[in-house]
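Student: I have a structure to look through and don't know where to start. Can you take me through it?

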Amino acid sequence: MSDDFDLLETNSQEKTEKVDVNWGKAIDQMKSKLAQEDDPESRQKILNATLDNVVDMAEKDRSTLLDAIKDLTDYQDEVGIMFEGFSALNASEQKVIDDAIKRLERAKVELEDANNKPDTWWNNLWGRKSKINDAEAELKNAQKTRDAADNEAKAMFQQRIETADIQTLLNELSFKSQAAIKRLKDREVEIKEVEESLKTAIVDASNNHTKALQKKKEVEDKLETEYALLKQARQALEEVSDKQSTEYSAALSKVTTLEQKVEELEGLKNAYTTLAASKDSFVHKHNLTIKVLTSLRSNLQTHRAKLKSDTDERLKYYDGYVVALKARTDQEFAAILEHLGVKTDEHIGETLAAMHTASARARQEMMDNIPVHEKVMQGVYGSYAEALQEIREKDKSIQKNFAERYGIDMKEIFEDYYAADANAPSGDTAGKPASAPKPASTEDDLLG
């Protein structure tokens, strides 16, 4: 096994900016939401699962992930975690922050350059002061833009993940896990440094406790001496009989001086006693704090080690999940194509069968219509013969009329024609009447 496999390694050289964490209701809210995910019907869902059910389940996964990431993002704000360091921003979102940072840095440099120009009448003539004012205004605006950049990028990020697929959401969750691992490691380093400082504080407090006790002992020794002197002075004062004498005044002054010295020493004794007690108390407090911090650091190491290991495994697990979803989609697509192919086969078969039956039915209708056609033609020929008969009768009337009115005998002209069979076809040349003799031409022939 590789020597690099040390999940509990803490490198104190890698240190980032400390962040003050406001641990409060945010954690309880997160736990509450996670606790609501328990579904007693999950077994039945698995037993009765179909591809369509899986779609609904996957969509619920996406919705749950989306809510979790939103909550995590809001939680970052509550505990003071920098947004851009804890979320997988895309290029456009990251550009908002990068541009704001560059603008702010450029404004700082320009203001520094403007201030560094010597305050001479020549430079002032060429607008030194106005350039400083402009640079200060730009720095102020750049700072506002930088302060708002995180929120703008966050809004873009939130809008993007609203419609993100599961793979994008899983990537975001993995990114947050990686960021959390680094954050936990940084916190361990911070705790370790505080532990070391507390150890030093314990030594210092212990030394001060000892010194305070030593000073207290010295003061107590002095007090013992001064108390003895004060007792003697008071006794000497009582022995002076003349209260108005200079001897009495000197004795009283000595007593007063000794009383002041005793009072000062009593004050010092109390001070050193209190200081010794305080330092002793802080020795125990620091020791307790170190124990607590060590326990917390140990827990952080456990969480970080598990999170780091599980995240590595979870990435593979997520890959399998995403591939499974894609495979489900491919399977559904194949099923749709198969269904479409079967339906197409059915439709084409129906069309071909319809073509065959329609063709057969058309043939039957054609055969059925032959007698109808014949009947229709009989009617046509009958009407034709009837019309010819009427014409013949009309011609006879015309012939008679011509003979009576003009003395022209038309009989010769129409004789053979009328003798023909009235029902004979008009194209029958056998029944065609012979040409009538042409009348002799006269000078009065108007048609000549």
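Tutor: We will go through the salt bridges and then a surface patch.

Tutor: This is a predicted model, in which local features need pLDDT of at least 70 and side-chain atom pairs count only at pLDDT 80 or more, while totals for chains, interfaces and linings use all residues. Residues are numbered from 1 along each chain as its sequence is written, and side-chain values use heavy atoms, with hydrogens and water left out.

Student: OK. How many salt bridges does the structure hold?

Tutor: There are 17. A salt bridge here is a side-chain nitrogen of Lys or Arg within 4 Å of a carboxyl oxygen of Asp or Glu.

Student: Which residue does E172 pair with?

Tutor: E172 pairs with K176, and their closest N and O atoms are 3.2 Å apart. The two are 4 residues apart in helix α7 (residues 166–239), so about one helical turn separates them. Helices are DSSP runs of H or I with at least four residues, numbered from the N terminus.

Student: Is E172 buried or exposed?

Tutor: E172 counts as buried because its relative accessibility is 3%. K176 is buried too, at 4%. Buried means under 20% relative accessible area, exposed means over 50%, and partly exposed is in between (1.4 Å probe, protein chains only).

Student: What about K216, what does that one bridge to?

Tutor: K216 bridges to E220, with the closest N and O atoms 4.0 Å apart. This pair also sits in helix α7, 4 residues apart, so about one helical turn lies between them. K216 is partly exposed at 22%, and E220 is partly exposed at 28%.

Student: Switching helix: where do K306 and D310 lie?

Tutor: Both are in helix α8, 4 residues apart, or about one turn of the helix. Their side chains form a salt bridge of 2.6 Å, N to O. K306 is exposed, with a relative accessible area of 53%, whereas D310 is partly exposed at 22%.

Student: Which residues do shared salt bridges join into a network?

Tutor: K192, E196 and K199 are joined into one network by salt bridges that share partners.

Student: New topic. Which residues make the nonpolar surface patch?

Tutor: V372, V376, M377, V380, Y381 and Y384 make a nonpolar patch of about 560 Å². Patch residues have over 30% relative accessible area and no salt bridge; like charges are joined within 9 Å, and nonpolar side chains (Val, Leu, Ile, Met, Phe, Trp, Tyr) within 5 Å. Accessible areas come from the Shrake-Rupley method with a 1.4 Å probe, and for residues only the protein chains shown count as cover.

Student: Where is Y384 found?

Tutor: Y384 is in helix α8 (residues 246–406). Its relative accessibility is 37%, so Y384 counts as partly exposed.
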